[in-house]
Amino acid sequence: MTRKGKMIKNLVRITIFMVVLFTVAGNPAGLWGQIKTKAAMDRNQPIQVDSDRLDAYNSKRMVVFSGNVVAIQGARTIHADRLTIYYKDDKKTSAGSLFSGDSYGNIEKMEAKGNVVITDGERVATGDDALFEQDAQKITMTGN
């Protein structure tokens, strides 16, 4: 590949990265002529997860959903090949109680892997992997 071809390829990658960054992070002031507020992940809303398989590991404080995973929390929807949910070290929380009652706030983080698509209203972000940090209210996407 020529040097010019490599430069164009890198420019395309940077452009795609910036589009994903602004899509996930919200609309910076004035970027499209108006200010939109970023929707926060509401840790008090229930998470509905559909998948082909579910494996729960109480000793590791995690639940693994695999195969055609669709997770919905409020206005946010996550599609992925695999979703691992880690919950905080709380004696009252177990994998079985994680999705019932008051345990939604006990989620520490969620890792989505493989063909990740996140939609939040009209915003869409895609990538190979995503990490959701519940307390920090932060999503980090990596890969294509």
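The following paragraphs describe the fold, the strand pairing and the charged side-chain contacts of a predicted protein model.

The model is predicted, so local features are reported only at a pLDDT of at least 70 and side-chain atom pairs only at pLDDT 80 or more, whereas totals for chains, interfaces and linings use all residues. Residues are numbered from 1 along each chain as its sequence is written, and side-chain values use heavy atoms, with hydrogens and water left out.

Confidence is expressed as pLDDT, the predictor's confidence in each residue on a scale from 0 to 100. The protein chain has an average pLDDT of 75, and 58% of the residues score at least 70. Residues 24–40 have a pLDDT below 50; in the model this stretch makes 22 contacts beyond near neighbours in sequence, a contact being heavy atoms within 4.5 Å.

The protein chain contains one helix and seven strands, taken as DSSP runs numbered from the N terminus (helices: H or I, at least four residues; strands: E, at least two). Read from the N terminus, the order of elements is α-β-β-β-β-β-β-β. Among contacts in the protein chain with a separation of 6 or more, 45% are between residues 24 or more positions apart. The chain has 144 residues, of which 31% count as buried; buried means under 20% relative accessible area, exposed over 50%, and partly exposed in between (1.4 Å probe, protein chains only). About 9,100 Å² of the protein chain is exposed, and carbon and sulfur atoms supply 53% of that area. These areas come from the Shrake-Rupley method with a 1.4 Å probe, and for residues only the protein chains shown count as cover.

The C-terminal strands may be followed through their pairing, where two strands pair if DSSP finds at least two bridges between them. Strand S5 (residues 107–120) and strand S6 (residues 123–133) run antiparallel and are joined by 10 bridges. Within this pairing, Lys-109 has Glu-133 in S6 as its bridge partner. Two residues lie between the strands in the hairpin of S5 and S6, where Gly-121 takes a positive phi near 65 degrees. S6 also pairs in the antiparallel sense with strand S7 (residues 138–142), over five bridges. Here Phe-132 has Ile-139 in S7 as its bridge partner. The hairpin of S6 and S7 has four residues between the strands, and Gln-137 in the turn has a positive phi of about 55 degrees.

Strand S4 (residues 76–87) includes Arg-76 and His-79. His-79 is partly exposed, with a relative accessible area of 34%. Leaving aside residues up to four places away in sequence, His-79 touches Val-69, Val-70, Asn-115, Val-116 and Val-117. The C-alpha atoms of His-79 and Gly-67 are separated by 10.0 Å, the two residues being 12 apart along the chain.

Attention now turns to charged side chains. Side chains of opposite charge can pair when their charged atoms come close. The criterion for a salt bridge is a side-chain nitrogen of Lys or Arg within 4 Å of a carboxyl oxygen of Asp or Glu. A search of the whole structure finds five salt bridges.

In one of them, the side chains of Arg-76 and Asp-120 meet at 2.6 Å, N to O. Because Arg-76 lies in strand S4 and Asp-120 in strand S5, this pair ties together parts that are 44 residues apart in sequence. Arg-76 is buried, with a relative accessible area of 10%, and Asp-120 is buried, also with a value of 10%. Asp-120 additionally forms a salt bridge with Arg-123 (3.4 Å, N to O). Arg-123 counts as partly exposed at 22% relative accessibility. Arg-76, Asp-120 and Arg-123 are thus linked in a network of salt bridges.

Another salt bridge involves loop residues: Asp-135 pairs with Lys-88, the closest N and O atoms being 3.1 Å apart. Asp-135 lies in the loop between S6 and S7 and Lys-88 in the loop between S4 and S5, so the pair ties together parts that are 47 residues apart in sequence. Asp-135 is partly exposed, with a relative accessible area of 44%, and Lys-88 is partly exposed, with a relative accessible area of 26%.
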